[in-house]
Every structure is written in C-alpha cells, then in structure tokens.
Amino acid sequence: LLVLGAGPAGIGAAVNASSIGVDTLIVDESPAPGGQIYRALPPSFRGKTDSSMGPDHKIGEKFRKELEESRARKAFGMRVWSVAPGFRVEAIGPSGPQSWLAKAVVLATGTYEKIIPFPGWTCPGVIGLGAATVLLKSQQLVPGECTVVAGCGPLVTAVAAGIIKGGGNVAAMVDLLGTGNWLTAIPALASRPNLLLQGMGWLRTIQKAGVPILRRHAVTEVRGNESVSEIVVKPVDSNWRSGTGETERTIQADSLAIGHGFIPSTEITGLLRARHKFHAARGGWVPFRDTDFRSSIDGVYIAGDGAGILGASAAAVQGRISGLTVALDLGKITKNDFLKATDKLRKSLAGAEKFGSTVSQLMTLRSGLLDGVTSETVVCRCEDVTRREIEEAISKGARDVNQLKAWTRCGMGPCQGRMCGESVGELVAAQVGDRENAGKWTSRIPIRPVPLEYIVGEYEYADIPVPEPAPV
C-alpha cells in the first residue's frame, strides 16, 4: 500500500493498514508528518513549550508519535509528480528521482485554498488564510506589521487570533458571514463541543484586543504600488454581493490574509480518470466513493478532504477506516473483524462529519462574490489572463473550462489552475448552465512543478535519436 499524504487522513490509513500486516509506505512532500493543520515546526526551532503552542500542535505531536511507532515505512520530503495506473508513483526528493509500484493507493491529498479575485489581489502582501497558518504554525511569523484578516469560515477567526497571540497587529477582521449565519450553525457545531469552545476562545482573543469585527463585509480592492497600503471593504448582502450605493471603508494596513474556503485536491483522481461530481457544499469537484472509501477505480481509496471538505477530525477517522478497507481487500482481515473494527469508528465519524459539513456549508461560494471581479482584474495570475479575456473567449464559443484553457492559456501556469480554477469554472458556468456543464480541468503530469532535469536526466543533443526522413 502507498499512502499519499501524511496529514490526519494519511496517518490514520498508514497506521491501521500496517498494524494488520499490510506492507505500507507513506509519502509526503513535507519534511515531517502532520499535514497543514498539524504542521510540525522545523527541527531547528526551539524555545516554546508544547502548552504555549496550542491544541493543534499537541494533537499533531500525538499523530507524529503514533506514525513513528507504527510499522509503516516513511518517505518525507518527496514531491509526487505522476501517478499511473497499476499503480506506479513517481516522485522527486533530496536524493533525486524515486518511483514505487503498489497494489493499492490511499489518496489523502487534502485541499488547497480558494481565493476569488478582486482588484489588487496580486499585490505583494496579499496572502491566503492557509498560507498565513503556515507562517504562524511552522515559522512562528505573522504576515505583516498590520494585517487585515478577511473571508469566510472559522479560519478567519483562527488566523486573526493567531496573529494577535503571535504579537502581531490585526487592523480588522472582515467576515462575509453575518452573525445570524453563525448563530444558526451553533446547534450543529455543538456536536464537537471542544472545537466550538476553541472557536469561542479565538473570538474572545480578538474582542479583548479591540479588533474591529465587520460582519457581512467583503474586501473589494487592495491599493498599493509595490506593496499593500490600503484595503477597501464594503457591506454585502446574503449572496455576498456588494451594492453600488454601499458606503466603502478604507483600512490602512501592510498585509491582507484572505480566503474563501477550500477546494478538494483531485489532481491524482483526475489523472487516474476516476469518476467525479460537482458538490458545491463540499468545496467543488469531488471523486465518487463508497461507504468504505473505495473510489470508482479498483485499488484506489480516498480519505479526508480530498474527497470533500469535512475537516481534520473527520479526515482522521476516514483514514483509519480506509486503512482497514485496504487490509480487507488484500485479505489481511476477515469481513467480520472488519465490521467490528469499523463500528466504533463510524459512530465517531458521524459526529465529526456533522460538524465538518456545517462548516463547509458556511464556506460555500455564493455567486455575488464574482460580481467583484472587474473586467480588468487578473483571474489567472500565472498567465496574466483577465476576466475580460475569459469572457471574450466564452462569447466566441468556448463552452467548457478546457476549451477556454486552450484558447486563453488560463490554467496552464505552474499552479495548473489551482488558483484560478474555481473562478473560471463559475464564469463559464454562468454561460453554459452549471458547473457540471462547465467541466473540470483535465489533469496532466507533472501534477506539481518539478525541474525538467530530474525527469529527463543528463543528455547531449547528439544523443537524441532522429528518425530517417520520410521517403519522397
């Protein structure tokens, strides 16, 4: 078994599968396990105690210890760039290229963050909420001297509180959601009282610091020449649309941390041609799975947020069940023992999924936010493609995202459409009916940027075989 991803889902899968006798290798690009939410500090970092680092660090240390003590083999610092049927996995690491063959693969690839463009979003000093958590958790750094934190979902509150605890200054917290949205969600969020209390603690930290909290507001523009200097915000309606008559507010700050939810990472399931469906409340395109986390492809299992946003708690349990499913399918455990082992896990999963589903729904994109993308706003920042160019291509007949990609180069850059894909999909869907009709980017290798020299090796042009010319 190859487990791709060493967050909570991947660790759970590797630990459970290896404990039953499945020869297991877990692979991750990071130098240490934990994923984004439980990201480890670099080995050279010292000074803070575990108690001062917060609950996520403590949970992460528990996961890392469990994996270390398991029978699973580990390969960290490995960037996977190709997964082929069969299953052959290619990666690049500190010692160069590496490849593995496996009978089964658990994909625990997690998510990447969603940011809907707005004027000035490419200005240096604008970063995603997820990027801000990396700075806070793994580098113990704040994004800037004075930061506006904006977007939707609990990560807005978490990042704002993290910056304050890290000694930074938060100029304002700008939340697309209204107070009523949060109050309505509380009964479901109470299914995980520890997480609800954690969120309330973040809010108390923000309020105690005197940070202005702007509910049902959106960032509509960032101003600054070589770096952020001003951030413009406006009130929005329940569809996240800012009216032309609304009074704007200008906030002085040198950085902006913003995010509009998360998108399941489906590059590998796309590469293997697994079946997908569009599920807005789960973050976008998600692969089909059965109740035991098998995909539509024999031998491929999917655990965690890569199959729909439900959060770290649900991901960890899904990973453990998927590891047991692999053991069952490889004949390492009987069906009866499998059912006994997964019964308690499924009960735990129900509560975690209830909480995660509610949070995911709060972050579901609403169409009004796209109205803030002006015609000259860059949507694809890798290839510098604006909304006007995208809509011109649609008006001339581009009927899905892949046709649009061919006509405009939108999505062809190093990020392979991760940053622009959601916005492009929504813009195309507005003309062709829905996101299913708009389609999904076609996955291609390399799924992550890698140096060409690692793939082709050393050669001279004289070494390239040249075929004989065709006969006249």
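**Exercise 1. Leaving aside its neighbours within four places in sequence, which residues is T408 in contact with?**

First, the ground rules. This is a predicted model, where local features need pLDDT of at least 70, side-chain atom pairs count only at pLDDT 80 or more, and totals for chains, interfaces and linings use all residues. Residues are numbered from 1 along each chain as its sequence is written, and side-chain values use heavy atoms, with hydrogens and water left out.

*Step 1.* Find the residue: T408 sits in helix α11, residues 401-408. Helices here are DSSP runs of H or I with at least four residues, strands are E runs of at least two, and both are numbered from the N terminus.

*Step 2.* Look for contacts, meaning heavy atoms within 4.5 Å. Beyond the excluded neighbours, you get V385, E389 and A393 for T408.

*Step 3.* Check the side chain of T408: it reaches the backbone nitrogen of C410 at 3.1 Å. That fits a polar contact (a pair of N or O atoms within 3.5 Å; within protein, one must be able to donate a hydrogen and the other to accept it, and residues adjacent in sequence count only if both atoms are side-chain atoms).

**Exercise 2. Sort T408 and D290 into buried, exposed or partly exposed.**

*Step 1.* Grab the cut-offs: buried is under 20% relative accessible area, exposed is over 50%, and partly exposed is in between (1.4 Å probe, protein chains only).

*Step 2.* T408 has a relative accessible area of 16%, so call T408 buried.

*Step 3.* D290 has 32%, so D290 is partly exposed.

**Exercise 3. Describe the surroundings of D290.**

*Step 1.* D290 is in the loop between β19 (284-287) and β20 (300-302).

*Step 2.* Follow the D290 side chain: it reaches the backbone nitrogen of D292 at 2.9 Å, and the backbone nitrogen of F293 at 2.9 Å too.

*Step 3.* Now try G243: G243 and D290 are 47 residues apart along the chain, and their C-alpha atoms are separated by 44 Å.

**Exercise 4. Compare the protein chain with a compact globule.**

*Step 1.* The rule is 2.2 Å times the number of residues to the power 0.38, with the radius of gyration taken over C-alpha atoms.

*Step 2.* For 472 residues that predicts a radius near 23 Å; the chain has 23 Å, so the two agree.

*Step 3.* Fill in the picture: the chain has 14 helices and 22 strands, and 52% of its 472 residues count as buried. Of the contacts with a separation of 6 or more, 65% come from residues 24 or more positions apart.
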